[in-house]
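This report goes through one chain, from the confidence of the model to individual residues. Please keep the sequence and the structure at hand while reading.

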Amino acid sequence: MAGIWKQIFTWWNGNTINTRFFTWLNGKRVGEDEFGNVYYEGSHHKDGYTRRWVIYKNYSEASTIPAGWHGWIHHRTDTPPSAEDYHAREWEKPHIPNMTGTSKAYSPKGSIAHHGQRPHVTGDYDAWTPDK
C-alpha cells in the first residue's frame, strides 16, 4: 500500500502512476543496467529523434546511470549497451553514483569532515588584530 502512495505523491521514488501508464502505452523496453534501472525507447519526437527514458530502480538520481547508458539516452550512440558485446578494460574503474551528502563523500585533508588538522602550508598568514 505504501508503494502506491509513493507513486501517487512522489516523483523521486522510481516512477509515478503517469510515467508507468505512459511507458505501458508508448515504451519498448531496451535493457537494464547493473543498478536495476530500466531503459525504454518510444515514439519519435517532433524533431525526429526517438524518445528515450529511464525508470530508476529506487531513488531517482541521474548519477546512477552508467557511462554506456548515459551515451545512449542522450543520443550519442544509436546502439544500446544491452545490444553490444562490451567488456570493460582492465584500467576502467566501475561506475559509482554521486556520493555527495553521504558518509562516502570525498573530503580533502584538513576539512572539517576529514576529522584532522589542516596541514601547514607556506602561504599561511597571521590573522589581523587591532593591536598590531
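## Confidence

The model is predicted, and the mean pLDDT of the chain is 81. A score of at least 70 is reached by 80% of the residues. Confidence is highest in strand 1, with a mean of 93, and lowest in helix 1 (residues 2–9), with a mean of 67.

## Overall layout

The chain contains three helices and three strands. Along the sequence they follow the pattern α-α-β-β-β-α. Among contacts with a separation of 6 or more, 38% are between residues 24 or more positions apart.

The chain has 132 residues, and 26% of them count as buried. Its accessible surface is about 10800 Å². Carbon and sulfur atoms contribute 56% of that surface.

## A nonpolar patch on the surface

Which residues make the nonpolar surface patch of about 400 Å²? They are Phe21, Trp24 and Leu25. Leu25 belongs to helix 2, which covers residues 17–26.

## Asn37, between two strands

Asn37 sits in the loop that links strand 1 (28–32) to strand 2 (38–44). Is Asn37 buried or exposed? Its relative accessible area is 3%, so Asn37 counts as buried, the cut-off being under 20%.

A polar atom of the Asn37 side chain lies 3.0 Å from the backbone nitrogen of Lys57. Lys57 is also in the list of residues that Asn37 contacts beyond four places in sequence. The others in that list are Gly31, Glu32, Val54, Ile55, Tyr56 and Thr64.

## Arg52, in strand 3

Arg52 is part of strand 3 (residues 50–55). Its relative accessibility is 14%, which is why Arg52 is classed as buried.

What does the side chain of Arg52 pair with? One partner is the side chain of Glu41, in a polar contact at 3.4 Å. In addition, a polar atom of the Arg52 side chain lies 3.2 Å from the backbone oxygen of Thr77. Both Glu41 and Thr77 are among the residues that Arg52 touches when those up to four places away in sequence are not counted. Tyr40, Trp72, Ile73, His75 and Asp78 complete that set.

## Trp69, in helix 3

Trp69 lies in helix 3, which spans residues 67–73. With a relative accessible area of 5%, Trp69 is buried.

Leaving aside neighbours within four places in sequence, Trp69 contacts Val30, Gly31, Glu32 and Asp33, as well as Tyr39. Pro80, Pro81 and Ser82 are further contacts of Trp69. How far apart in space are Trp69 and Glu32? Their C-alpha atoms are 9.1 Å apart, while the two residues are separated by 37 residues in sequence. Gly31 and Glu32 appear among the contacts of Trp69, and Asn37 also contacts Gly31 and Glu32.

## His75, after helix 3

His75 is located in the segment after helix 3. At 31% relative accessibility His75 is partly exposed, and His75 is one of the residues touched by Arg52.

The backbone of His75 has a phi near 60 degrees, which is a positive value in a residue other than glycine. Most residues other than glycine have a negative phi.

Note on methods: Residues numbered from 1 in each chain as written. Heavy atoms only, no water. Patch = residues over 30% accessible without salt bridge, like charges linked within 9 Å, V, L, I, M, F, W, Y side chains within 5 Å. Areas by Shrake-Rupley, 256 points an atom, 1.4 Å probe, with all protein chains shown as cover. Salt bridge = Lys/Arg side-chain N within 4 Å of Asp/Glu carboxyl O. Helix = DSSP H or I, 4+ residues; strand = E, 2+ residues; numbered from the N terminus. Buried < 20%, exposed > 50% of the residue type's maximum accessible area, 1.4 Å probe, protein only. Polar contact = N/O pair within 3.5 Å; in protein donor to acceptor, adjacent residues only side chain to side chain. Contact = heavy atoms within 4.5 Å. pLDDT = per-residue confidence, 0-100.
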